[in-house]
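Reader: I should like to examine how the labels attached to this model are justified. Please take each term together with the value behind it.

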Amino acid sequence: MSETMTRRDLMKGLGVAALVAGAGAMILPAGAASEKDATKPASRECQLPALPYPYDALEPVIDKETLTIHHDKHHAAYVNNFNNAMKKLAEARTSGDYSLIKHWSRELAFNGSGHVLHTLYWENMAPAPNGGGQPKGDLLRAMDMSFGGFDQFKAQFVAATNAVEGSGWGILAHEPFRGHLVILQAEKHQDLTIWGVYPIMVCDVWEHAYYLKYQNRRPEYVENFFKIINWPAVEKKYKAVKDVAAYK
Ligand code: MN3
């Protein structure tokens, strides 16, 4: 459906390789084009995806009123605020004024994660006969390998999700470094990242990475870091993830 290009839009907007946890998503070097372009295109904005079923389809598990408010108000707010954060960051790139970089980076992470997770949430539910039961095939085999079976997966997922402190999420995810499934709790879903992104270049700014030489001069370290970035290696990482399809 045309309205579900949200994840792709999301990644384009980020201008980094990103991907939704567990399978795929993507990204484009959006910023690569031209800074000026970054402010214009409404086409780059992400949109609230339509629910893949009617508002009352998940009754009686989730009532129509809850689903309506959750999707039309809460998810819509994440989308709007995510678009606004991307717009403000584009303006900062144009003006060079990064005085509010922490604020807008947090807004980007909070609302981008809210958008990604809610999109997954709608898609990973379905009314009967498609909802319920157990997974099959590769996913079931992965659960066997990672948890010892479906029952063990379910027990851990339920325990972890019930124990999330305050607001948050229970999340089943694919952890690509080991190639295993993992169950995670997300208490604050932003925590300065967006779920599902694929990092392709990182700079360690824990003090152990630079303190012996630079002491408290982190900006000097970060500036010098650019003299040693292995761009061909980063390009290779980007190539590996840029066309990873979403879940469709
Ligand atoms: Mn919600």
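Author: Helices are DSSP runs of H or I with at least four residues, and strands are runs of E with at least two. On that basis the protein chain comes to eight helices and two strands. The model is a predicted one.

Reader: In what order do the elements of the protein chain run from the N terminus?

Author: The order is α-α-α-α-α-β-β-α-α-α.

Reader: What makes residues 211-214 a helix, α6?

Author: A helix needs at least four residues, and α6 spans 211-214; the run therefore meets the minimum. Gln 215 is found in the loop between α6 and α7.

Reader: What is notable about phi of Gln 215, and is Gln 215 buried, exposed or partly exposed?

Author: Phi of Gln 215 is near 50 degrees, a positive value in a residue other than glycine. The relative accessible area of Gln 215 is 31%. Buried means under 20% and exposed means over 50%, so a value in between is called partly exposed. Gln 215 is accordingly partly exposed.

Reader: How do you know that His 70 and His 118 coordinate the manganese ion?

Author: A donor atom must lie within 2.8 Å of the metal. The NE2 atoms of His 70 and His 118 are at 2.1 Å from the manganese ion, within that limit. Water is not among the atoms, so a site may look incomplete.

Reader: What parts of the chain does this pair tie together?

Author: His 70 lies in helix α2 (residues 64-95) and His 118 in helix α3 (residues 101-123), so the pair ties together parts that are 48 residues apart in sequence.

Reader: Why is His 118 called buried, and which label does His 70 receive?

Author: The cut-off for buried is under 20% relative accessible area. His 118 has 5% and is therefore buried. His 70 has 21%, so the label for His 70 is partly exposed.

Reader: What makes the contact of Glu 91 and Lys 88 a salt bridge?

Author: The criterion is a side-chain nitrogen of Lys or Arg within 4 Å of a carboxyl oxygen of Asp or Glu. The N to O distance for Glu 91 and Lys 88 is 3.9 Å, so the pair qualifies. Both residues lie in helix α2, three residues apart, about one turn of the helix. Glu 91, at 34% relative accessibility, counts as partly exposed, and Lys 88, at 28%, is partly exposed as well.

Reader: How many salt bridges are there by this rule?

Author: The count is four. Among them, Arg 178 pairs with Glu 175, with the closest N and O atoms 3.4 Å apart, and Arg 217 pairs with Glu 220 at 2.7 Å.

Reader: Why is Arg 178 called exposed, whereas Arg 217 is labelled partly exposed?

Author: Exposed means over 50% relative accessible area. Arg 178 reaches 53% and therefore counts as exposed. Arg 217, at 34%, falls in the range between the two cut-offs, so the label is partly exposed. Glu 220 has 36% and is also partly exposed.

Reader: Which residues have the most contacts inside the largest nonpolar core, and why is this core said to lie between two domains?

Author: The largest nonpolar core has 18 residues, and those with the most contacts inside it are Phe 82, Leu 108, Ile 171 and Trp 195. At least two residues of this core come from each of α2, α3, β1 (169-175) and β2 (180-186). Domain 1 (64-123) and domain 2 (137-241) both give residues to the core, so it lies between them.

Reader: How do you know that Ile 183 is buried?

Author: Ile 183 has a relative accessible area of 12%; since buried means under 20%, the label applies. Ile 183 is placed in strand β2.

Reader: Which peptide bonds ending at Pro 60 and Pro 129 are cis?

Author: The bond from Glu 59 to Pro 60 is cis, with omega near 0 degrees. The bond joining Ala 128 and Pro 129 is also cis, with omega about 10 degrees. Pro 60 is found in the loop between α1 and α2, and Pro 129 in the loop between α3 and α4.

Methods:
Residues numbered from 1 in each chain as written. Predicted model: local features only at pLDDT ≥ 70, side-chain atom pairs only at ≥ 80, totals over all residues. Heavy atoms only, no water. Donors = N, O, S within 2.8 Å, 3.2 Å for Na, K, Ca; no water. Buried < 20%, exposed > 50% of the residue type's maximum accessible area, 1.4 Å probe, protein only. Core = buried A, V, L, I, M, F, W, Y, C linked by side-chain atoms within 4.5 Å. Domains from an automatic or database assignment.
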